[in-house]
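Good morning, and thank you for making time for this item. I would like to walk through one protein structure for those who have not seen it before.

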Amino acid sequence: MGRFLGRLVVFFTVCLISFIAYTVQIFVIWPWYGRALTVELLQLLLPFNALVGILFYNYSKCVLVDPGKVPRGWAPNTTADGFEVKKLSGKPRYCRMCDAYKPPRSHHCRHCDSCVLRMDHHCPWINNCVGHFNYPYFVRFLFYVDLACSYHVIMLVQRCRDTAYRGDWTRMGSAELIFVILNFVTCIPVLLAVGGFSIYHFYCLMSNSTTIEGQEKDRVATLVRRGKIQEVKFPYHIGRLNNIKSVLGDNPLLWCWPQPAPGDGLTFPISNEAVNNGATTTSWPPEDPNEQPEGPFAGLPASPWTYENDGFNPGLRPTNSQLRRSDSSGSRRRRAAVPPYHPDYREGDGDAHAYLSSSDESEVEFMRPALRRGSEGYEVRPVNREEMLQRYLDEAPDKYNRYVPEPPSESESEG
């Protein structure tokens, strides 16, 4: 989402909250109490405005607070427990986009173009990511939206009940009736939508998981149900009370009061049950065993395509674009005049992989070594000359006649 469009969405959200919060007081409640400042009116509106004020404060914090970025030069402590690793290499997680290590539970956001600590999701309504440092404000914002909208609907219902009890709808002016309808139309959908969203995030709060981790848990549950893997405990579930404390703070009396997030977002406690069962951050989320490479790549080593993060795999072959650039620069490689399965082919006569026959496209495709795309280029499965020749003869026995030189006769040897 662009910067201008994101700010426009935030402006629209502020206008929507203001419309729901203040039109009901000015055009509905104020005429209902005879446009006079009374104790009953203050008792009704002061709690509502307090909820709206805290709601706006938490929303501003969601928008303005940095969700958390990886500190420059940060590196994981590989000697301690609880650091996440890459599935293939067993090395600490590394983000190629940010060129930095990734702490546990962090993910790269393409909208923010950075790795976000304990990333939950990117929310367009706040034009910001929901991460470690603004997630407590986000949860409180949802909570106060639910309270304020419920209070709002109760006030509207009481106003309509009072008019229906008196049996005189003519006492309600046209402007008041219009704003009653508009407030019902705007507030009830917001309450239903945000209410359902709040239920999910309250569940995530009690289970100490994010939206991304919730999707991972659903995927793992599916694999367990299908019998592909054994059950793996989610390592960050440390008990419901401790889960809430890890986000909203240690004092339950201040959970509803806006306050910063505890912790630094770089390390997180792991449950003892998960550790005893062998589930740590190094094994979460588990992989689907059926997603392993098959066919010609089944025997390749499970490496992350490179030698750690410092250099290229020396087994990588240059891509076609690199070959074209080398050809245009004058350093054209000498190509073999005959295919490698030809009897006249000699080692060193040219690049066996550079020869391409134009007679049959299927032969051309069959001759090429198996390739697959990696993070650093193409990795080539080696194919020797004898294997290539044998595959040709097995696939098309009637198409090729293998030349076997005959031993010289006695007359020829004597002459």
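Let me begin with the surface. The protein has an accessible surface of about 25,100 Å², and carbon and sulfur atoms account for 56% of that area. Please keep in mind throughout that this is a predicted model. The protein has 415 residues, of which 38% are buried. Its secondary structure consists of eleven helices and nine strands. If we take the contacts between residues at least 6 apart in sequence, 64% of them join residues at least 24 apart.

I turn now to the helices and to what the record says about them. The unreviewed UniProt entry carries the annotation "transmembrane region" for residues 6-29, 137-157 and 177-203. In the model, residues 6-29 are 100% helix and 0% strand, with 34 Å between the end C-alpha atoms. Residues 177-203 are likewise 100% helix and 0% strand, and there the end C-alpha atoms are 39 Å apart.

Helix α4 deserves a closer look. Helix α4 covers residues 174-207, which is 34 residues. From first C-alpha to last, α4 reaches 49 Å, close to the 50 Å expected at 1.5 Å a residue. Which residues of α4 are buried? Among them are E176, F179, V180, N183 and C187 in the earlier part of the list, and H201, C204, L205 and S207 at its end. As a general point, an α-helix has 3.6 residues a turn, so residues three or four places apart point the same way. The cover over the buried residues of α4 includes α1 (3-32), β5 (121-123), α3 (135-166), α5 (211-225) and α6 (240-248). After α4 comes N208, which has a positive phi, near 55 degrees.

One residue of α3 shows how these helices meet. H152 is placed in helix α3. Is H152 buried or exposed? H152 has a relative accessible area of 1%, and it is therefore buried. Setting aside neighbours within four places in sequence, H152 contacts I20, V24, F48, N183 and C187. Of these partners, N183 and C187 appear among the buried residues of α4. H152 and V24 are 128 residues apart in sequence, yet their C-alpha atoms are 7.9 Å apart in space.

Next, the strands β4 and β5. The unreviewed UniProt entry gives the annotation "active site" to C123. In the model C123 lies in strand β5. Why does C123 count as buried? Its relative accessibility is 6%, and buried means under 20%, so C123 qualifies. Not counting residues up to four places away in sequence, C123 touches N128, V130 and F138.

S114 belongs to strand β4, residues 114-116. S114 is also buried, at a relative accessible area of 8%. Leaving out residues up to four places away in sequence, S114 touches K69, C98, H107, H108 and C109. S114 and K69 are 45 residues apart along the chain, and 7.1 Å separates their C-alpha atoms.

Two arginines in loops follow. R118 is in the loop between β4 and β5. Although R118 is not a glycine, its phi is positive, about 45 degrees. R118 is buried, with a relative accessible area of 4%. R105 is in the loop between β2 (100-101) and β3 (107-109). R105 also has a positive phi, near 70 degrees, and is a residue other than glycine. With a relative accessible area of 2%, R105 is buried. The charged end of R105 sits over the ring of F268, 4.9 Å from the ring centre.

That brings me to the aromatic residues. The count of aromatic pairs comes to ten. One pair is formed by F234 and Y236, which are edge-to-face, at 5.6 Å centre to centre and 70 degrees between the planes. Both F234 and Y236 are buried. F234 has a further partner in K217, which lies over the face of the F234 ring at 4.9 Å from its centre. Elsewhere, F19, F27 and F179 form one aromatic cluster. F179 has already been named as a buried residue of α4.

To close, I return to two places worth finding on the screen: C123 in strand β5, and H152 in helix α3. Thank you for your attention.

Note on methods. Residues are numbered from 1 along each chain as its sequence is written. This is a predicted model: local features need pLDDT of at least 70, side-chain atom pairs count only at pLDDT 80 or more; totals for chains, interfaces and linings use all residues. Side-chain values use heavy atoms; hydrogens and water are left out. Helices (H or I, at least four residues) and strands (E, at least two) are DSSP runs, numbered from the N terminus. Buried means under 20% relative accessible area, exposed over 50%, partly exposed in between (1.4 Å probe, protein chains only). Contact means heavy atoms within 4.5 Å. Accessible areas come from the Shrake-Rupley method with a 1.4 Å probe; for residues, only the protein chains shown count as cover. Rings of Phe, Tyr and Trp (its six-membered ring) pair if their centres lie within 6.5 Å; planes under 30 degrees apart count as stacked, over 60 as edge-to-face and the rest as tilted. A charge sits over a ring if NZ of Lys or CZ of Arg is within 6 Å of the ring centre and within 35 degrees of the ring normal. The expected span of a helix is 1.5 Å times one less than its number of residues. UniProt positions are given in the numbering used here, feature names are shortened, and annotations may be inferred rather than shown by experiment.
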